[in-house]
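Here's a quick briefing to read alongside the model. Have the viewer open and click through the residues as they come up.

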Amino acid sequence: MRKLSILGLCLVAALSASAQKSLVKEVEGKAKGFNANFEEARKMLKPALTNPETANDVQTWYVAGTIEYGDYDNLLGKKAVGQNADGKTMGNDLLLGYDYFIKALPMDSVVEVDKKTGAPKLNKDGSKKIKTKYSKDMVKKIAAHHQDYVSAGQYLWDAKDFDGAYRAWDIYLNLPSNKMLGADAPAALPDSVVAEISYFQALAAWQAEKLDAALSAFDQALSKGYNKSDIYEYAISVAAQKATAQTDSVEQAKANSKVVYYADLGNKACGDTTVKYLNIIINDKINNRKYDEAKALLEKAIAVSPNNAELYDVLGILYQSQGDLDKAQEYLTKAVSIDSTFPKGQLDMGRVIYAQGAKIDEASSTLPNSEYAKIRKDQVDPLLHQAIPYLENALKNDSTEQEARRLLRSIYYSLEDEENLKRIESM
């Protein structure tokens with residue numbers, strides 16, 4: 001009885017396996033022809049993708065990929081004649097079709113057998129002869145849809161599936177070098193095409209919060225000659241976002257170095273008068289105490305653009321960082337005289353004047369009370385009053401409001417101006 005039970009279980013398993021394989025063949029039929037029903041075929045095949053008897057069978061994944069590519073072609077045909085076709089579905093069809101075929105290709109190897117003897121056929125070196133059944137068709141389908149992956153990326157981007165868009169463009173870029181496609185691989189792409197698609201891919205990766213992938217794609221675009229100015233700004237933003245997210249100091253330093261790297265590229269591409277890049281480079285020079293290099297950069301830029309208020313502002317901050325407050329005020333005065341509406345110039349001017357007063361106050365703090373009071377009245381308080389208008393102007397701009405409010409709170413407290421102190425604290 002025990003043997004019969006085991007035999008019975010084996011028969012059930014065999015029947016189950018046979019049923020699954022029959023199902024795969026049936027589905028293959030439903031996914032072909034003019035009346036193919038791809039949605040029904042997809043649902044019918046789903047159990048076979050996880051069933052142990054069919055999940056390791058190349059035919060299962062071949063049929064799965066055929067369904068997806070077939071559905072894409074069907075929807076593309078509808079789109080061509082003006083019928084509705086969901087772009088996200090089309091994009092996902094191509095992604096799944098590719099994934100299924102890439103999974104199937106390594107599985108598609110069958111040992112050739114001599115029909116008379118039933119023994120494996122051998123190569124001259126004694127190895128078994130291997131033939132494939134589905135590979136040729138799969139390779140040709142993938143290669144034939146190469147250009148479609150560009151559109152797929154756009155469809156998925158529009159649907160806000162940024163990870164999918166990144167993958168679609170990644171497949172497009174890498175198919176020409178995919179060794180599985182052999183001689184059927186698409187021709188190598190021109191650098192200009194790689195550059196542009198890599199740029200789009202970087203944006204998609206950024207939106208998908210795949211920061212490392214985004215930076216790699218930006219680097220690829222730049223290496224292939226992408227030269228539109230927005231790439232530097234976006235790449236800097238991604239690198240800065242990565243630096244902010246890092247808890248490891250070494251990784252944070254690497255990300256910050258990447259910020260400076262992109263700023264340097266942007267500065268070289270756009271010229272020394274593009275202050276948003278120059279500021280980053282100069283700040284890095286200052287942080288590394290390379291003051292002479294920072295000054296040289298600024299003086300070169302000012303020579304090219306003598307009416308750029310931002311450049312004088314940065315030079316003023318540079319001198320402030322070295323403790324030369326008089327020289328800092330000289331350049332900041334130039335900045336606000338060129339552009340009186342420049343909020344950062346107003347903030348920095350007020351801050352330097354306040355720093356001058358604070359420096360005098362600190363130096364005289366150990367003097368007798370009478371002497372200190374006189375210095376305070378004649379030198380410190382006038383400087384604090386002089387700083388107020390600049391900081392009040394900076395208070396009106398969102399980008400400088402917080403720092404201006406902090407400084408004004410300190411000044412009004414020091415001047416014992418309760419009315420203005422309450423006003424600032426209530427903001």
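The accessible surface of the protein chain comes to about 23,600 Å², and 51% of that belongs to carbon and sulfur atoms. Keep in mind that this is a predicted model. The chain's secondary structure adds up to 19 helices and two strands. Its radius of gyration is 35 Å, well over the 22 Å that the globule rule gives for 427 residues, so the chain is more spread out than a compact globule.

**The chain as a whole**

- If you lay the C-alpha trace along its principal axes, the protein chain spans about 115 × 55 × 55 Å.
- Of the 427 residues, 41% count as buried.
- Take the contacts between residues at least 6 apart in sequence: 56% of them join residues at least 24 apart.
- On the charge side, there are 54 positive and 59 negative charges, and their mean positions sit 11 Å apart.

**Gln356 in helix 16**

- Look for Gln356 in helix 16, which covers residues 343-363.
- Is Gln356 buried or exposed? Its relative accessibility is 10%, and the cut-off for buried is under 20%, so Gln356 counts as buried.
- The side chain of Gln356 makes a polar contact of 3.2 Å with the side chain of Asp326.
- Setting aside neighbours within four places in sequence, Gln356 is in contact with Leu325, Asp326, Gln329 and Leu383. Asp326, then, turns up both in this contact list and as the polar partner.

**Two loop residues with positive phi**

- A bit of background first: most residues other than glycine have a negative phi.
- Lys160 isn't a glycine, yet it has a positive phi of about 65 degrees. You'll find Lys160 in the loop between helix 6 (148-158) and helix 7 (162-174).
- With 64% relative accessibility, Lys160 is over the 50% cut-off and so counts as exposed.
- Arg289 isn't a glycine either, and its phi is positive too, at about 60 degrees. Arg289 sits in the loop between helix 12 (275-287) and helix 13 (291-304).
- Arg289 also counts as exposed, because its relative accessibility is 64% and exposed means over 50%.

**Lys295 in helix 13**

- Move along to helix 13 and you'll come to Lys295.
- Lys295 has a relative accessible area of 16%, so this lysine is buried.
- What does Lys295 touch, once residues up to four places away in sequence are left out? The list is Leu315, Leu318, Tyr319 and Gln322.
- Lys295 and Lys285 are 10 residues apart along the chain, with 9.4 Å between their C-alpha atoms.

**Ser305, just past helix 13**

- Ser305 is in the loop between helix 13 and helix 14 (309-321).
- This serine is buried: the relative accessible area of Ser305 is 18%, which falls under the 20% cut-off.
- For a longer reach along the sequence, try Ser305 and Met349: these two are 44 residues apart along the chain, and their C-alpha atoms are separated by 21 Å.

Definitions and conventions: Residues numbered from 1 in each chain as written. Predicted model: local features only at pLDDT ≥ 70, side-chain atom pairs only at ≥ 80, totals over all residues. Heavy atoms only, no water. Helix = DSSP H or I, 4+ residues; strand = E, 2+ residues; numbered from the N terminus. Rg over C-alpha atoms; globule rule 2.2 N^0.38 Å. Buried < 20%, exposed > 50% of the residue type's maximum accessible area, 1.4 Å probe, protein only. Contact = heavy atoms within 4.5 Å. Areas by Shrake-Rupley, 256 points an atom, 1.4 Å probe, with all protein chains shown as cover. Lys, Arg positive; Asp, Glu negative; His and termini not counted. Charge placed at Lys NZ, Arg CZ, Asp CG, Glu CD. Polar contact = N/O pair within 3.5 Å; in protein donor to acceptor, adjacent residues only side chain to side chain.
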